[in-house]
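Here are a few short exercises to work through with the model open beside you. Try each task before you read its solution.

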Amino acid sequence: MAGGNAIRGTRVGAGPMGEAERGESAPRHRIGYWCSQGHETRVAFATDAEIPDLWDCPRCGQPAGQDAQAPPPVPRTEPYKTHLAYVRERRSDADGDALLEEALAKLRARRGA
Ligand SMILES: [Zn+2]
């Protein structure tokens, strides 16, 4: 749509020409968002649009921020936490099985098997 006349030889702030140039094409900002999973999302915003601080990651649904080094924390209501809790649960079950096994072994030894 821009027609490739980005370069016209006019200087920025040259007057009426500069203003016309600004309204002609629709310049866009490409903003990168990163979620805590390391997914990168590029979103194009019009220059006059308000850029949100957070963006929902389209891959995992978690909030993504503009700082790749410091992505926003995962909310406690997310399934990810539930999964962690589930892993912990399984781990303690395994410990419980081990203890039960040990107790049964002792019991068998006492019975003189
Ligand atoms: Zn993600």
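**Exercise 1. Place aspartate 93 in a helix, then describe its surroundings.**

Step 1: Aspartate 93 belongs to helix 2, which covers residues 79–110; helices (H or I, at least four residues) and strands (E, at least two) are DSSP runs, numbered from the N terminus.
Step 2: With a relative accessible area of 48%, aspartate 93 is partly exposed, where buried means under 20% relative accessible area, exposed over 50% and partly exposed in between (1.4 Å probe, protein chains only).
Step 3: Asp93 joins Asp95, Asp97 and Glu101 in a surface patch of negative charge. Such patches take residues with over 30% relative accessible area and no salt bridge, with like charges joined within 9 Å, and a charge is placed at CG of Asp or CD of Glu.

A word on the basis: this is a predicted model, in which local features need pLDDT of at least 70 and side-chain atom pairs count only at pLDDT 80 or more, while totals for chains, interfaces and linings use all residues. Residues are numbered from 1 along each chain as its sequence is written, and side-chain values use heavy atoms, leaving out hydrogens and water.

**Exercise 2. Write down the order of helices and strands in the protein chain.**

Step 1: Count the elements: the chain has two helices and four strands.
Step 2: Along the sequence they give the pattern α-β-β-β-β-α.
Step 3: For burial, 16% of the 113 residues in the chain are buried.

**Exercise 3. Which residue forms a salt bridge with arginine 42?**

Step 1: Apply the criterion, a side-chain nitrogen of Lys or Arg within 4 Å of a carboxyl oxygen of Asp or Glu. The whole structure yields one salt bridge.
Step 2: The partner is glutamate 40, and the closest N and O atoms are 2.8 Å apart.
Step 3: Check exposure: arginine 42 is partly exposed at 46%, and glutamate 40 is partly exposed at 38% relative accessibility.

**Exercise 4. Where is cysteine 60, and how many disulfides are there?**

Step 1: Cysteine 60 sits in the loop between strand 3 (54–56) and strand 4 (63–65).
Step 2: Its C-alpha lies 8.4 Å from that of histidine 39, and the two residues are 21 apart in sequence.
Step 3: Cysteine 60 is partly exposed at 29% relative accessible area, whereas cysteine 35 is buried at 2%.
Step 4: Searching for cysteine sulfur atoms within 2.5 Å gives zero disulfides in the whole structure.

Key:
Patch = residues over 30% accessible without salt bridge, like charges linked within 9 Å, V, L, I, M, F, W, Y side chains within 5 Å. Areas by Shrake-Rupley, 256 points an atom, 1.4 Å probe, with all protein chains shown as cover. Lys, Arg positive; Asp, Glu negative; His and termini not counted.
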